[in-house]
Amino acid sequence: MATATHTISNSQIPMPGMPRPYTLRRVLSSGSVAPGQIVEYQGRISGGPRFGLKGRVVKIRGRQAVVDMGTDGTWHIPYYFLAESEAA
């Protein structure tokens, strides 16, 4: 039996107006994030930042990071709600 494999980057023809596919990697601890790094909020908490909002890490704490989300404010976000974007 033969199997076929392909990479994600070649599975979609890039077209104008279509974003390129990307994967998200979870940030699980204070050791895997650094000040100045761009992260994406993946939580869905009422009263919190919007899902998918990107921001810059300002300070690292034990169980949460202080993230500057620009005009949406500065938030103290637990690491399990953060992800960093990676190119596919």
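Which side chain of opposite charge is nearest to Glu40, and how far away is it? Here are a few notes to get you started; keep in mind that this is a predicted model.

1. The opening puzzle first. Glu40 sits in strand β2, which covers residues 38-41. The nearest side chain of opposite charge is that of Lys54, 4.3 Å away. A salt bridge needs the charged atoms within 4 Å, so this pair doesn't qualify. Glu40 is left buried and without a salt bridge.

2. Glu40 does have a polar partner, though. Its side chain makes a polar contact with the side chain of Gln42, at 3.0 Å. So when you look at Glu40 in the viewer, check Gln42 as well as Lys54, because a polar contact allows N or O atoms within 3.5 Å.

3. Now for the rings. Tyr41, Tyr80 and Phe81 make up one aromatic cluster, and the count of aromatic pairs comes to 2. One of them is Tyr80 with Phe81: the ring centres are 4.8 Å apart, the planes meet at 55°, and the pair is classed as tilted.

4. Is Tyr80 buried or exposed? Tyr80 counts as exposed because its relative accessibility is 56%, and the cut-off for exposed is over 50%.

5. Last, have a look at the surface. Ile13, Met15 and Met18 together make a nonpolar patch of about 320 Å². Of these, Met15 lies in the segment before β1, the strand at 22-26. Met15 is rated partly exposed because its relative accessible area is 47%.

Terms used:
Residues are numbered from 1 along each chain as its sequence is written. This is a predicted model: local features need pLDDT of at least 70, side-chain atom pairs count only at pLDDT 80 or more; totals for chains, interfaces and linings use all residues. Side-chain values use heavy atoms; hydrogens and water are left out. Patches are made of residues with over 30% relative accessible area and no salt bridge: like charges are joined within 9 Å, nonpolar side chains (Val, Leu, Ile, Met, Phe, Trp, Tyr) within 5 Å. Accessible areas come from the Shrake-Rupley method with a 1.4 Å probe; for residues, only the protein chains shown count as cover. Helices (H or I, at least four residues) and strands (E, at least two) are DSSP runs, numbered from the N terminus. Buried means under 20% relative accessible area, exposed over 50%, partly exposed in between (1.4 Å probe, protein chains only). Lys and Arg count as positive and Asp and Glu as negative; His and the chain ends are not counted. A polar contact is a pair of N or O atoms within 3.5 Å; within protein, one must be able to donate a hydrogen and the other to accept it, and residues adjacent in sequence count only if both atoms are side-chain atoms. Rings of Phe, Tyr and Trp (its six-membered ring) pair if their centres lie within 6.5 Å; planes under 30 degrees apart count as stacked, over 60 as edge-to-face and the rest as tilted.
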